[in-house]
Amino acid sequence: MKKVPLGSSGLQMPAVIIGCMRLGELSTPELTHYIHTAMEAGANFFDHADIYGGGICEEHFGAALPATSH
């Protein structure tokens, strides 16, 4: 995935950041597939906030993430 500079910080950020606001509405298998697909395309920045479904998004993401560490 293309990287772009983050201002003058010297940090490189992905050109596309995956927003996770609605991901709490997916089942764990759907979310796992979503995460795998995004990571296979080079995504490495997923935007989370605890207000996204009261933390449900993070719970699902955490359950799906171990399946990606192979």
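## An exposed charged pair

Arg22 has a relative accessibility of 56% and therefore counts as exposed, since the cut-off for that class is over 50%. The model in which this value was computed is a predicted one. Glu25 is likewise placed in the exposed class, because its relative accessibility is 56%.

These residues are joined to each other: the side chains of Arg22 and Glu25 form a salt bridge, with a distance of 2.8 Å from N to O. Side chains of opposite charge can pair when their charged atoms come close. A search of the whole structure returns 1 salt bridge.

## Overall architecture

The protein has 70 residues, of which 24% count as buried. Its secondary structure consists of 2 helices and 4 strands. Followed along the sequence, these elements appear in the pattern β-β-β-α-β-α.

Measures of the whole protein complete this outline. Along the principal axes, the C-alpha atoms fill a box of roughly 40 × 30 × 15 Å. When contacts between residues at least 6 apart in sequence are considered, 58% of them join residues at least 24 apart.

## The nonpolar core

The largest nonpolar core contains 12 residues: Ile18, Cys20, Leu23, Leu31, Ile35, Ala38, Ala43, Phe46, Tyr52, Cys57, Phe61 and Ala64. Two or more core residues are supplied by each of helix H1 (28-40) and helix H2 (56-64). In soluble globular proteins, nonpolar side chains tend to be buried together.

Ile18, one of the core residues, illustrates the contacts made there. Leaving aside residues up to four places away in sequence, Ile18 touches Tyr34, Ala38, Ala43, Phe45, Phe46 and Asp47. Among these partners, Ala38, Ala43 and Phe46 also belong to the core.

## Packing of the two helices

How are H1 and H2 arranged with respect to each other? The helices pack at an angle of about 70°, and their axes lie 9 Å apart. H1 is therefore roughly perpendicular to H2, as angles of 65 to 115 degrees fall in that class. The crossing of H1 and H2 is right-handed.

On the H1 side, the contact is made by Thr28, Leu31, Thr32 and Ile35. H2 contributes Cys57, His60, Phe61, Ala63 and Ala64. Several of these contact residues, including Leu31 and Ile35 of H1 and Cys57, Phe61 and Ala64 of H2, are also members of the largest nonpolar core.

Technical notes. Residues are numbered from 1 along each chain as its sequence is written. This is a predicted model: local features need pLDDT of at least 70, side-chain atom pairs count only at pLDDT 80 or more; totals for chains, interfaces and linings use all residues. Side-chain values use heavy atoms; hydrogens and water are left out. A nonpolar core is a set of buried Ala, Val, Leu, Ile, Met, Phe, Trp, Tyr and Cys residues joined through side-chain atoms within 4.5 Å. Buried means under 20% relative accessible area, exposed over 50%, partly exposed in between (1.4 Å probe, protein chains only). Contact means heavy atoms within 4.5 Å. A salt bridge is a side-chain nitrogen of Lys or Arg within 4 Å of a carboxyl oxygen of Asp or Glu. Axes are lines fitted to C-alpha atoms, for helices over the stretch in contact, and angles run from 0 to 180 degrees between N-to-C directions. Angles under 35 degrees count as roughly parallel, over 145 as roughly antiparallel, 65 to 115 as roughly perpendicular and the rest as oblique. A crossing is left-handed if the near helix is turned anticlockwise from the far one by less than a right angle, and right-handed if clockwise.
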